[in-house]
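Here are a few short exercises to work through with the model open beside you. Try each task before reading its solution.

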Amino acid sequence: MAIKARTFYTASCDVCGSDDTDDVIPLFDTPNAAADDARTCRWLITADHQAICPTQDDQHRAALDDLLPPEPDIEIGGQLRLDLDTRD
Ligand SMILES: [Zn+2]
């Protein structure tokens with residue numbers, strides 16, 4: 001029996017640092033296999049390999065909001081712009 005060093009990949013949340021899905025730490029031979037498995041456990045893995053676990057708290061929601069594109073500034077010819085106050 002030999003002792004060998006091995007290299008594995010696993011998804012790690014960029015928000016909280018968690019690297020488990022369903023209380024286990026899955027190990028994979030490739031980054032894409034780790035990303036695919038994380039997606040099956042409701043993780044968000046972006047094209048540039050940012051990973052966000054499915055934890056529902058303010059930090060995770062803020063991280064997801066940061067990934068959204070800015071709201072478009074829509075102006076339609078011939079219509080006046082509505083300046084809605086969205087503050088509470
Ligand atoms: Zn997380």
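pLDDT is the predictor's confidence in each residue, on a scale from 0 to 100. You'll want that at hand, as this is a predicted model.

**Exercise 1. Find out how confident the prediction is, overall and by element.**

Start with the whole protein: the mean pLDDT is 87, and 92% of the residues score at least 70. Next, go element by element. Strand β2 (residues 51-52) comes out highest, at 96, while helix α1 (residues 31-40) is lowest, with a mean of 91.

**Exercise 2. Work out the order of helices and strands along the chain.**

First, count the elements: there are two helices and two strands. Then read along the sequence, and the pattern is α-β-β-α.

**Exercise 3. Compare the overall dimensions with those of a compact globule.**

Take the radius of gyration first. For a compact globule of 88 residues you'd expect something near 12 Å, but this protein has 20 Å. Now look at the box that the C-alpha atoms fill: along the principal axes it is roughly 80 × 25 × 20 Å. Then check burial, where 9% of the 88 residues count as buried. Finally, turn to contacts between residues at least 6 apart in sequence: 37% of them join residues at least 24 apart.

**Exercise 4. Which residues make up the largest nonpolar core, and which elements each supply at least two of them?**

The core has seven residues: A11, C13, A34, A38, A51, I52 and C53. Both α1 and β2 supply at least two residues of this core. As background, nonpolar side chains in soluble globular proteins tend to be buried together.

Now zoom in on I52, one of the core residues. Leaving out residues up to four places away in sequence, I52 touches C13, D14, V15, W43, L44, H60, A63 and L64. Of these partners, C13 also belongs to the core.

**Exercise 5. Are R42 and H49 buried or exposed, and where do they sit?**

Step one is location. R42 is in the loop between α1 and β1 (44-45), and H49 is in the loop between β1 and β2. Step two is the neighbour count, with exposed meaning 12 or fewer other C-beta atoms within 10 Å. R42 has 11, so it is exposed. H49 has 12, so H49 is exposed too. Step three is the backbone: phi is near 70 degrees for R42 and near 65 degrees for H49. Each is a positive value in a residue other than glycine.

**Exercise 6. Place D29 and P70, then see how far each lies from a partner elsewhere in the chain.**

Begin with D29, in the segment before α1. D29 is exposed because it has 11 other C-beta atoms within 10 Å. Its C-alpha is 9.0 Å from that of T10, and the two are 19 residues apart along the chain.

Move on to P70, in the segment after α2 (58-67). P70 has 5 other C-beta atoms within 10 Å, so P70 is exposed. From P70 to D19 the separation is 51 residues in sequence and 30 Å in space, C-alpha to C-alpha.

Note on methods. Residues numbered from 1 in each chain as written. Helix = DSSP H or I, 4+ residues; strand = E, 2+ residues; numbered from the N terminus. Buried ≥ 20, exposed ≤ 12 C-beta atoms within 10 Å, placed from the backbone. Core = buried A, V, L, I, M, F, W, Y, C linked by C-beta atoms within 7 Å. Contact = placed C-beta atoms within 7 Å. Rg over C-alpha atoms; globule rule 2.2 N^0.38 Å.
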